[in-house]
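Biologist: I'd like a close look at one part of this protein, and I'm new to this, so please go slowly. Could you pick one residue, show me its surroundings, and then work outwards?

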Amino acid sequence: GYSGSDCSHEPQKLYNESWGVVFALSLMGICTIFIYMVNISRLKFLPDSISAIIIGAIVGLMVRLMDVDNKHFIFIRANSIFLFFLPLILFESGYGLKKVSFFKNFPTILVFAVFGTIISAMVVGFGIFWLGQHGWVYELSLLNSIVFGALLASTDPVATLAIFQALNVETTLYMLAFGESVINDAVSIVLFESILSQYYINQEHHSMAHF
């Protein structure tokens, strides 16, 4: 039967996750300040993504040197990422969007974002499955391989866009890469959740068949 003790640790998990969100947002603020200082200094050639990686490496090194126990690691669930962090990325992208150029190239952007993402997920998924069958990588089932491919299909060419902006490339080329990166996130999330739900359905049917 159901026991009330099943949810006894839920308030503590929510408390820890709230601190995780605060920590992540604080880290984003530190990255923003550091990137601004880099841009006004002699190191302005350094891409913003590399600056963020440097901050992450420093924080990770500090955690390792402090020998933090795994039980005290901050965790953030996927729903919190969708709720707190993904809107910031999308709203910032939309705020700086050049609408005329974006909608002018919208059909091409959709082709890259939708079909390109699906093709990328399928190629990676079937490739991992084929390599696993031949013993070259860890063997996964076909569905698990496609889930892994969908997970990797979400790409964000931050460094590429930063270089495009620094070199002042043609507007159409920049907008194709930028627009694809914006819509690609949504397509990847829907694709990943759809395949993952099919995985859970198969697992449930498999369990019922054994029962």
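Modeller: Sure, let's start with leucine 86, which sits in helix H3, the stretch covering residues 78-95. Keep in mind that this is a predicted model. Is leucine 86 buried or exposed? Its relative accessible area is 19%, and the cut-off for buried is under 20%, so leucine 86 counts as buried.

Now look at what surrounds leucine 86. Leaving aside residues up to four places away in sequence, leucine 86 touches Ile81 and Ile189. Then find aspartate 185: 99 residues separate it from leucine 86 along the sequence, yet their C-alpha atoms are 9.0 Å apart in space. Long-range links show up in the totals too: of the contacts in the protein with a separation of 6 or more, 72% are between residues 24 or more positions apart.

Moving outwards, try asparagine 105, in the loop between helix H4 (99-104) and H5. Asparagine 105 has 12% relative accessibility, so it counts as buried as well. Its contacts, again not counting residues up to four places away in sequence, are Thr172, Met175 and Leu176.

From that loop you step into helix H5, residues 106-133. H5 has 28 residues and reaches 40 Å from its first C-alpha to its last, close to the 40 Å expected at 1.5 Å a residue. Still, H5 has a bend of about 30° at glycine 116. Follow H5 along and you'll meet several buried residues, including Ile109, Ala113, Thr117 and Ala121. Further on, Gly125, Ile128 and Gly132 are buried too. Just after H5 comes glycine 135, with a positive phi of about 75°.

For a contrast, go back to helix H2, residues 48-65, and find methionine 62 there. With a relative accessible area of 47%, methionine 62 is partly exposed. Methionine 62 also helps make a nonpolar surface patch of about 570 Å², together with Ile50, Ile53, Ile54, Ile58 and Met66.

Finally, zoom out to the whole protein. You'll find eight helices and zero strands. Buried residues make up 23% of the 211 residues; leucine 86 and asparagine 105 are among the buried ones. The accessible surface comes to about 15,100 Å², and 69% of it belongs to carbon and sulfur atoms.

Definitions and conventions
Residues numbered from 1 in each chain as written. Predicted model: local features only at pLDDT ≥ 70, side-chain atom pairs only at ≥ 80, totals over all residues. Heavy atoms only, no water. Patch = residues over 30% accessible without salt bridge, like charges linked within 9 Å, V, L, I, M, F, W, Y side chains within 5 Å. Areas by Shrake-Rupley, 256 points an atom, 1.4 Å probe, with all protein chains shown as cover. Salt bridge = Lys/Arg side-chain N within 4 Å of Asp/Glu carboxyl O. Helix = DSSP H or I, 4+ residues; strand = E, 2+ residues; numbered from the N terminus. Buried < 20%, exposed > 50% of the residue type's maximum accessible area, 1.4 Å probe, protein only. Expected span 1.5 Å × (residues − 1). Bend = angle between axes of the 7 residues up to and from the residue. Contact = heavy atoms within 4.5 Å.
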